[in-house]
Amino acid sequence: MKIAVFSTKAYDRRFLDAAAGGQHALDYIEARLSLQTAPLARGAGAVCAFANDRVDAGVLTEFKSLGVHLVALRAAGYNNVDLAAAKVLGVTIARVPAYSPAAIAEYAVALMLALDRNIHRAYARVREGNFALEGLLGFNLSGKTVGVVGTGRIGAGVVRIMQGFGCHVLAHDLRPNPVCLEAGIKYLSLPELLGACDVITLHCPLTPATRHLIGAEAIGQMKRGMMLINTSRGAVVDTAALIEGIKTGAIGHLGLDVYEEEAKLFFADRSDDVIGDDVFERLLTFPNVLVTGHQAFFTREALTAIAQTTIENITAFERTGRALHEVT
Ligand code: NAD
């Protein structure tokens with residue numbers, strides 16, 4: 001089948017080509033999917049889209065008229081898809097439900113360690129010939145209390161790693177994970193968790209209930225000077241409230257791999273641009289804030305698994321009319 005692959009980077013091409021093994025005709029398109037670019041899918045039976053592509057009613061209507069019956073997301077999250085419109089129009093939506101939880105769990109811990117020991121600052125200093133240690137003082141993670149919000153596939157991985165570090169791990173979730181309960185993890189309400197932890201790491205999905213879950217009120221309930229890590233979705237935190245929390249010292253360290261307005265910034269080289277987002281730019285001015293551009297998933301293992309499941313979804317749909325992992 002011919003597949004129009006939107007938002008293609010060189011790495012997508014490499015891993016999708018390897019997974020497809022010549023089975024499908026992959027038409028790589030660099031442009032992000034939008035109403036303007038959707039007609040580029042003409043002649044394709046399926047579209048492959050990424051996390052920041054907009055699969056809204058207008059795009060899906062265009063696909064329907066072009067004869068595109070499948071949108072295979074090379075991502076787990078589908079908050080960018082109008083599922084109701086897809087259902088009405090008869091366009092199947094497929095995703096990659098789990099590719100490499102360890103990739104994201106390990107990355108959350110990498111942010112914790114980097115911030116705690118000021119590795120981001122030490123790296124820059126040493127390159128300038130500055131070997132002074134003032135300002136780089138950290139703390140031992142061993143013995144500290146770490147709170148995990150959302151103990152699904154990724155959160156449970158973080159729980160395991162932090163237990164290995166000798167931390168006291170607490171959790172908050174709507175549905176406690178039996179594996180974590182078995183490992184002796186205590187579940188608390190969110191305010192209780194916020195008040196008890198030295199480090200909080202977020203691993204819940206973005207839903208109406210979790211939008212701005214960490215805002216001014218939650219920051220007021222936190223242990224003063226705590227560390228907050230977000231590798232879930234940008235809008236789970238209220239970025240403006242976090243900035244106030246950093247300024248008052250309520251938040252002692254902040255690690256973000258995702259950002260509410262990231263669709264306008266991430267996954268592109270903007271080093272020659274004047275960035276117009278003042279909230280994002282303010283974040284970058286703090287010494288105790290570390291921001292990365294949505295790269296927690298970016299490992300060889302994760303990209304291999306994403307490409308394989310995406311191709312399996314498309315092949316199954318071509319053969320049977322059903323994808324392996326449909327979103328309903
Ligand atoms: P999962 O579905 O296995 O686990 C999510 C957990 O969050 C579940 O246990 C669920 O009960 C819990 N949850 C849902 N609503 C909640 C709420 N209101 N309060 C507390 N807990 C709640 O998902 P996962 O595979 O562990 O992924 C978690 C999130 O990580 C994804 O939704 C995605 O947004 C994000 N993610 C980020 C990257 C990245 O590269 N930064 C990559 C993959 C996934």
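**Close-up views of a predicted two-domain model**

**View 1. An open sheet of five strands follows the order β2-β1-β3-β4-β5, with parallel pairing.** At the edges stand β2 (25–28) and β5 (92–94), each with a single partner strand, so one side of each is left without a neighbour in the sheet. On average, neighbouring strands here are turned by 20 degrees against each other, direction ignored. Please keep in mind that this is a predicted model. Inside the sheet, strand β1 (residues 2–5) pairs with strand β3 (residues 46–49) in the parallel sense, over three bridges. To find the register, start from Ile3, whose bridge partner in β3 is Ala46. Helix α1 (residues 10–20) lies across β1 and β2, and runs at about 175 degrees to β2.

**View 2. The protein chain is divided into domain 1 (2–99 + 300–320) and domain 2 (101–291).** Their C-alpha centres lie 31 Å apart. How many residues of domain 1 are in contact with domain 2? There are 11 of them, and they touch 10 residues of domain 2.

**View 3. The largest nonpolar core has 90 residues.** Those with the most contacts inside this core are Met162, Ile200, Ile214, Leu228, Leu242 and Leu254. Helix α4 (residues 101–116) gives the most to the core, with 10 residues. Both domain 1 (2–99 + 300–320) and domain 2 (101–291) give residues to this core, so it lies between them. As a general background, nonpolar side chains tend to be buried together in soluble globular proteins. For a closer look, centre on Ile200: leaving aside its neighbours within four places in sequence, Ile200 is in contact with Gly147, Val149, Leu193, Leu194, Met226, Met227, Leu228 and Ile229. Apart from the largest core lies another core, of 24 residues, among them Ala38, Phe63, Val68 and Val71.

**View 4. Strand β7 (residues 168–172) is largely enclosed by the rest of the structure, because four of its five residues are buried.** Five bridges join β7 to strand β6 (residues 145–149), and the two run parallel. Gly147 has Leu170 in β7 as its bridge partner. Between these strands the chain crosses from β6 through helix α6 (residues 153–164) to β7, a β-α-β crossover that is right-handed. Strand β8 (residues 186–187) is also joined to β7, by two bridges, and this pair runs parallel. Here Ala171 stands opposite Tyr187 in β8.

**View 5. β11 is mostly covered, with six of its six residues buried.** Strand β10 (residues 226–230) and β11 run parallel and are joined by five bridges. One place to check the register is Asn230, which stands opposite Leu256 in β11. The chain passes from β10 through helix α10 (residues 239–248) to β11 in a right-handed β-α-β crossover. β11 also pairs with strand β12 (residues 289–291) in the parallel sense, over three bridges. Gly255 stands opposite Leu290 in β12. From β11 the chain goes through α11 to β12, and this β-α-β crossover is right-handed.

**View 6. Ser7 and Asn118 are worth a look for their backbone angles: Ser7 has a positive phi of about 55 degrees although it is not a glycine, and phi of Asn118 is near 60 degrees, a positive value in a residue other than glycine.** Where does Ser7 lie? Its place is the loop between β1 and α1. Is Ser7 buried or exposed? Ser7 has a relative accessible area of 14%; the cut-off for buried is under 20%, so Ser7 counts as buried. Asn118 lies in the loop between α4 and α5 (119–127). With 6% relative accessibility, Asn118 counts as buried.

**View 7. Gly276 sits in the loop between β11 (251–256) and α11 (278–283).** With a relative accessible area of 69%, Gly276 is exposed, since the cut-off for exposed is over 50%. How far apart in space are Gly276 and Leu265, C-alpha to C-alpha? They are 9.9 Å apart, while in sequence 11 residues separate Gly276 and Leu265.

Notes:
Residues are numbered from 1 along each chain as its sequence is written. This is a predicted model: local features need pLDDT of at least 70, side-chain atom pairs count only at pLDDT 80 or more; totals for chains, interfaces and linings use all residues. Side-chain values use heavy atoms; hydrogens and water are left out. Buried means under 20% relative accessible area, exposed over 50%, partly exposed in between (1.4 Å probe, protein chains only). Two strands pair if DSSP finds at least two bridges between them. A crossover is right-handed if, with the strands pointing away from the viewer, the path from the first strand over the helix to the second runs clockwise. Axes are lines fitted to C-alpha atoms, for helices over the stretch in contact, and angles run from 0 to 180 degrees between N-to-C directions. Contact means heavy atoms within 4.5 Å. A nonpolar core is a set of buried Ala, Val, Leu, Ile, Met, Phe, Trp, Tyr and Cys residues joined through side-chain atoms within 4.5 Å. Domain bounds come from an automatic or database domain assignment.
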